[in-house]
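Reader: Could you walk me through this structure at a pace that suits someone from the bench? I would like to ask about it piece by piece.

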Amino acid sequence: MKNLIISIILVLITNVELISQKYYCNCTEDISITEDFEKKLSGRIYINSNMSYGSPFFYKWANGDVIMSDGQVVKNKYIRYNRYFDDLVWLRKSDYKNATVDKEAVNAFIIYAENNTPYAYFRKTRIKNWYQSDSSDVFLQVLEEGNISLYAFRTVMVNKNEDEIYDKNVYYLQINNDYYKIDANRLSLLRTLPDKKAQLKQILHRNKLKVRFEPQLIEAIELLNKDYEFSN
Amino acid sequence: MRSRGRILKNIPVTLSNGTAKVIISKNDIPAGILCIVLLNHYNNTVAEKLTYIYPDNYPSVKINALQKAYKKGDKVVLELELNNTGYTDTAWLSVSVSEKTPFQDFINNQGITSYMLFYSEFEPDNYEWDILPDNNKRPCTFIPENRGFVLTGKVLQKTDNEPIKNELTMLSYADSITSLKYCYTDSSGKFYFLLDQSYDNRDLILQLINYGTGTKSITWEIDNKFNPYTSLNNSTLELSPEAIEYLEYCRKITLINEIYNAKGKSNSMPPVINNACERRNFCGKPDYEIYPADFVELDDFREISENILPGVKFRKRRDIYYVQIYDFKNKIIMPPGATVLLNGVPCQSLDYISSLGSNDIKRIDVFQSQILYGELSFYGLLSIHTYDGKIPEAYLDNHAYIYKNEVRLPYTFPVNDIILQTEKRIKNQPDFRQTLYWNPSLIISGTNKAIIEFTASDLEAGYNISVQGITSGGIPLEAASEIEVK
């Protein structure tokens, strides 16, 4: 607000001559220049060394927006999420080179479907994984946000023969800034939300939801959040 | 229509014979600054108009001086308060207390209120605006700077002043964190860089990276946006004997102040470093860092690369140095021509790099894979940081243009002004300040009062107190008073 007022004062005071000449800006020709001002993505060249069957990627190459750590948004880039390395991969359209985007510089990214509607929203979140001694930043897909938020860590696992990779989804519930790992089943959900047990049971029963599948898990959390909003 | 930071109304307008009229009730618009924007069906701005709606109940600011006359070195206390403002209103004020001059009549020193009223609307019931076609439309002189300062300029060949087209232009500055920007010159040789706060008060280094071996044959023309009008005519100002005497008096005071304040005085503003912890190299973390001081002393860079930089080849072939880097992760030998940065600045003179030994280099960051940055590709990066953190002047003369991006940071009046002046008095130093106080950003909220304290100087004179500002509702505020030092 302060900046707006100061800029208005400056326009009034310093551009008296311009205003009095009814000066109108014809800036359409400068649009291509201002597009160049967009923050540039940077990353290390990505060479796919995975020899196993199956794709390590989440979704296909798609248009996406990358929200950088400094808040700037890099729009309309071909991106893909590498579940194997938990990395964001960027395809440079001019020469079809792939690069792994510096994870520290990225805060979140949105992948768009072909009809330009958001397909998935990933956010860098600090969680504790069982295989690491300390918490670390990973990209979690945001499935539902509200009083209780639901996230999915899209990863892959290698089979015993190490010749095939298969999908592995780990779900996290966020309650009051704490993250709880849950399994996609009724028992795990009820155990994680002991104070909302009765409410949750009612929602699951009323809507005939079996939370073994992701869409129903999302729906259950969504209904739980709506109930919370209604009661407050 | 926008006012007080929010959109008030969206009015669809259909032009009839190229014109239209918009009428809106006075009750629908609050007092203050109103911004009317005309958009076309693509949602692009076609025209803009700022107007000022005169308030019914005009708020004001009041200056209460506890005394009208002070002795030299006395503590002066002023009190500022707002009248007719709401509890939630905030006022941003600038306050100055400076010596009266005989030039008051010459300088058209109008206050903020008069400027606002110049664009005010006084219609009794409804406001009317005509939308008319404008034949004076012309392209922007400079592109809008709503996202920050835009450094623009031209690169020309020195011999024939022909523009240098489609050349890679890089902008950087000497720092331990590498910030690199680039653009390609357009058909008229123009380049554009959007600069954020981290570029303030730095010597920015512009280079044409692939243009020959040096830039001696290049003319850099930076656009001067601060003085675009050349049509202003000089006029002669006839000074009265009183004015001439006053100028001489000012000159003497300035000389005395210069003598006593010369020590430790710095004209240059420091770079903005408050976001330093958030800044990172444009290309991320290096694969490894080497501190030559940890090893036995090595005389030149070739020795350093051979002994303590694994995967880095620094060689001379046909009298030309080159750097080649091995990508350990992907097991690829990258083509020769790795980029070398010296203190964060791309360095095209490998002859100079070759002369650097362990005693010169503090740290070497090695990036051992191909790096994509926007549309650029780097076949490995070698970032060398020297102890002095500088770029040699001889290199800059031959390869770069330096733009001093001087930005005046928001001024804060010394809070310990009274302590400073007391210390001066103890040392028997004269205090001939002609401006006793200046604060460009004093904020008063609601019914609170602001207390201002400062010391009177040794100059026996009358002083003007001037307050100018604006409320959060967009109402200008203005007040003036006087004090005397005897």
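Reader: Which residue meets Arg83(A) in a salt bridge?

Author: Happy to start there, with a word on the ground rules. This is a predicted model, in which local features need pLDDT of at least 70, side-chain atom pairs count only at pLDDT 80 or more, and totals for chains, interfaces and linings use all residues. Residues are numbered from 1 along each chain as its sequence is written, chains are lettered from A and ligands numbered from 1 in the order in which they are written, and side-chain values use heavy atoms, with hydrogens and water left out. A salt bridge is a side-chain nitrogen of Lys or Arg within 4 Å of a carboxyl oxygen of Asp or Glu; with 2.9 Å from N to O, the partner of Arg83(A) is Asp167(A).

Reader: How many residues apart are Arg83(A) and Asp167(A)?

Author: Helices (H or I, at least four residues) and strands (E, at least two) are DSSP runs, numbered from the N terminus. Arg83(A) sits in the loop between strand 4 (73–82) and strand 5 (87–92) of chain A, while Asp167(A) belongs to strand 11 (residues 165–175). The pair thus links distant parts of the chain, and the separation is 84 residues.

Reader: Is Arg83(A) buried or exposed?

Author: The cut-offs are these: buried means under 20% relative accessible area, exposed over 50%, and partly exposed in between (1.4 Å probe, protein chains only). Its partner Asp167(A) has 52% relative accessibility and so counts as exposed. Arg83(A) has a relative accessible area of 7%, so the word for Arg83(A) is buried.

Reader: Which residue forms a salt bridge with Arg92(A)?

Author: Arg92(A) is buried, with a relative accessible area of 2%. Its partner is partly exposed, at 32% relative accessibility. The two side chains meet at 2.7 Å, N to O, and the partner is Asp95(A).

Reader: Turning to chain B, which residue pairs with Asp223(B) in a salt bridge?

Author: Asp223(B) lies in the loop between strand 18 (218–222) and helix 2 of chain B and its partner in strand 16 (residues 190–195), so the pair ties together parts that are 33 residues apart in sequence. Asp223(B) is partly exposed, with a relative accessible area of 24%, whereas the partner counts as buried at 17%. The closest N and O atoms are 3.1 Å apart, and the partner is Lys190(B).

Reader: How many salt bridges are there over all chains?

Author: Some of them share partners: Arg302(B), Glu306(B) and Arg315(B) are joined into one network in that way. A search of the whole structure gives a total of 22.

Reader: What does Ile353(B) contact, leaving aside neighbours within four places in sequence?

Author: A nonpolar core is a set of buried Ala, Val, Leu, Ile, Met, Phe, Trp, Tyr and Cys residues joined through side-chain atoms within 4.5 Å. The largest one has 31 residues, and Ile353(B) is among those with the most contacts inside it. Contact means heavy atoms within 4.5 Å, and on that basis the list for Ile353(B) is Phe301(B), Phe314(B), Val340(B), Leu342(B), Cys347(B) and Ile384(B).

Reader: Which residues of helix 3 of chain B are buried, and why are they on the same side?

Author: Helix 3 of chain B covers residues 301–308, and its buried residues are Phe301(B), Ile304(B), Ser305(B) and Ile308(B). They are on the same side because they cover an arc (taken from the directions from the helix axis to the C-beta atoms) of only 110°.

Reader: What covers the buried residues of helix 3 of chain B?

Author: Both strands and a helix take part. The cover includes strand 19 (288–290), strand 20 (312–317), helix 4 (350–354), strand 25 (361–373) and strand 26 (376–386) of chain B.

Reader: Where is Asn201(B), the residue with a positive phi of about 55°?

Author: Asn201(B) has that positive phi although it is not a glycine. At 11% relative accessibility, Asn201(B) counts as buried. Its place is the loop between strand 16 and strand 17 (202–208) of chain B.
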